[in-house]
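Colleague: Could you take me through this model? I would like to start with the empty space inside and then move on to the packing.

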Amino acid sequence: MQSAWTSRLGWIAAGLVLSLLGAWLIAQRGLQAQRAAFETDARIVHRLLSQQVVQHDAVLSTLALLEPERTEALPRLSAVHPRLLGVLARAPGGTWADAALARAEAASRASGRAAMAEGDLASGRYTLVLGAGDGAYALVIALKGLVPDADWPMDRASSPVRVALQWNGQSLPLQAGRPLERGWRFDFDKVVAAESQPFHAVATRWVGWGELPWLGMAAWVLAVLAGLALLAHALRLREARQRAEALLRLGQLGRLNAMGEFAAGLAHELNQPLTAVLASTQAAQRLLTDVPPALDTAREAMGRAGAQARRAAEVLARLRRGLEPPAGAAASLALDLGACVRDALHLLQPDIERRGVAVRWLASDSVVVRADPVAIDQIVHNLIANALQALDRQASGPRELRLSVRRDGDSAVLDVADTGPGLPPEVLPRLFEPFFSTREGGLGLGLTLSESLAQAQGGRLSAGAAPGGGALFSLRLPLDTDTHP
């Protein structure tokens with residue numbers, strides 16, 4: 001029950017994290033889109049204001065080119081430019097009635113361009129003065145009508161963007177906007193493109209919580225919930241399938257004690273020792289027919305046949321006990337693992353030569369394990385025989401059997417690798433299942449029995465891909481603590 005609740009809490013936490021992360025990213029994208037739209041409108045406003053104020057310099061430059069006696073043409077400019085509230089001129093030798101205009105003329109002559117007269121920007125107007133020759137000219141300009149509504153990029157009444165002109169610590173709102181106490185704020189501040197009129201075009205945009213992309217965020221949350229529900233369902237199905245496969249495997253392992261499976265396993269495991277018995281007896285028979293008979297050599301061959309027959313009897317006893325480790329400490333002996341491998345190679349040497357396989361030792365450390373000699377013999381013989389059978393399916397390339405005996409911490413490791421076609425990824429999870437075989441006509445018992453024997457010795461057997469291609473089987477066994485303290 002606790003595990004189920006832990007699993008549910010894990011799914012809930014994953015759903016919350018994914019939902020919040022996705023909603024935050026969607027909100028950020030929405031805010032970025034609104035910022036981009038705000039900056040586009042603000043740049044348009046800045047460009048329009050710049051275009052208008054630059055015209056004022058052009059008007060004053062035109063006035064500077066007029067002769068003093070043609071001052072009667074000055075009032076006509078107000079009709080051409082409605083935002084010009086007044087056109088003023090100082091005749092040569094005359095003075096300005098307003099001291100602020102005089103100071104602006106002095107600044108104009110010092111800078112060589114028009115200058116703004118001091119005044120109240122909040123009144124919605126300002127005066128621009130240009131000193132030219134012995135005279136001077138001034139324009140009284142209205143700011144609120146500077147850009148016509150038809151050209152303005154936003155709806156002045158409903159737009160949430162506040163736009164203002166700022167100069168010399170003064171500010172004139174051109175668009176009220178919609179200020180908020182909470183939310184996100186975007187700012188834009190840039191000087192218009194006229195050195196004589198250094199107004200700051202300032203825009204501010206507030207984004208409230210109600211303007212977030214709630215529809216997209218809700219859709220994301222629903223998608224996360226649906227995806228997690230589907231994933232949880234798929235995982236439950238996989239767990240049920242794995243449970244069924246595990247039960248099936250247990251049932252198949254139980255069937256090993258039945259007569260049919262026992263007979264198949266017996267035939268498989270007795271093949272190597274019986275082959276050796278046959279070879280030894282045939283050799284002894286030939287030696288006895290020689291003239292004179294080679295009695296000593298024949299006795300040696302018959303001795304080998306007897307040893308293999310006893311080995312076959314021990315295998316039979318093992319299978320009858322259901323592959324359980326024998327009782328008593330006498331079953332486990334100190335074994336040189338490298339010597340066990342070399343004995344197996346000696347027995348399989350004819351098969352190795354017939355197949356044209358090269359044996360390559362990658363490492364041969366002196367390691368001693370404590371295990372049942374018969375069990376280790378069976379495992380090593382099966383691993384090498386499987387490697388040789390895999391090399392039969394190698395169409396081209398090197399045909400090598402690569403062996404390594406090494407120490408890894410408190411364990412001894414035997415690696416048996418081949419350069420054959422290797423093991424497909426889908427085969428690895430079932431490789432040690434009873435009656436599963438990748439070889440046509442195989443019984444599917446050799447690796448199962450080898451794995452059971454390895455576990456009975458306190459070790460384990462694993463399989464994977466060999467470096468450079470082929471299959472790799474690794475047998476890990478505990479070291480003999482007396483030899484390797």
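**Cavities and cores**

Modeller: The second largest cavity has a volume of about 30 Å³, and please keep in mind that the model is predicted.

Colleague: How many cavities of 30 Å³ or more are there by this rule?

Modeller: The count comes to 2 cavities of 30 Å³ or more.

Colleague: And which residues line the second largest cavity?

Modeller: The lining is made up of Leu49, Leu143, Lys144, Leu146, Val147, Trp152, Arg156 and Leu174, and by residue class this lining divides into 6 nonpolar, no polar and 2 charged.

Colleague: Turning to packing, which residues of the largest nonpolar core touch the most other members?

Modeller: That core holds 44 residues, and Leu49, Leu60, Tyr126, Leu139, Leu143, Val163 and Phe199 touch the most other members. At least two residues of this core come from each of helix H1 (2-64) and the strands E1 (84-90), E3 (125-132), E4 (135-142), E5 (161-167), E6 (170-175), E7 (184-191) and E8 (200-207).

Colleague: Which of those gives the most to this core?

Modeller: H1 gives the most, with 12 residues.

Colleague: Leu143 came up in the cavity lining and again in the core; what does Leu143 touch?

Modeller: Leaving aside residues up to four places away in sequence, Leu143 touches Leu121, Gly124, Arg125, Tyr126, Leu165, Leu172, Leu174 and Phe199. There is also a second, separate core of 39 residues, which includes Leu335, Val380, Ala454 and Ala471.

Colleague: Let me change topic to the whole chain. How many helices and strands does the protein chain have, and what share of its residues counts as buried?

Modeller: The secondary structure comes to 10 helices and 15 strands, and 40% of the 485 residues count as buried. Among contacts in the protein chain with a separation of 6 or more, 67% are accounted for by residues 24 or more positions apart.

Colleague: What area does the protein chain expose?

Modeller: The protein chain exposes about 26500 Å², and carbon and sulfur atoms supply 58% of that area.

Colleague: One last residue, Ala106: where is its place, and why does Ala106 count as partly exposed?

Modeller: Ala106 sits in helix H3 (residues 99-111). Ala106 counts as partly exposed because its relative accessible area is 47%, whereas buried would mean under 20% and exposed over 50%. Ala106 and Gly131 are 25 residues apart in sequence, and their C-alpha to C-alpha separation in space is 7.6 Å.

How values were computed. Residues numbered from 1 in each chain as written. Predicted model: local features only at pLDDT ≥ 70, side-chain atom pairs only at ≥ 80, totals over all residues. Heavy atoms only, no water. 1 Å grid on protein atoms, 1.4 Å probe; cavity = no way out; pocket = protein on both sides within 12 Å on 5 of 7 lines; lining within 4 Å. Points joined across faces, edges and corners; volume = space filled by probe spheres on them. Nonpolar A, V, L, I, M, F, W, Y, C, P; charged D, E, K, R; others polar. Core = buried A, V, L, I, M, F, W, Y, C linked by side-chain atoms within 4.5 Å. Buried < 20%, exposed > 50% of the residue type's maximum accessible area, 1.4 Å probe, protein only. Helix = DSSP H or I, 4+ residues; strand = E, 2+ residues; numbered from the N terminus. Contact = heavy atoms within 4.5 Å. Areas by Shrake-Rupley, 256 points an atom, 1.4 Å probe, with all protein chains shown as cover.
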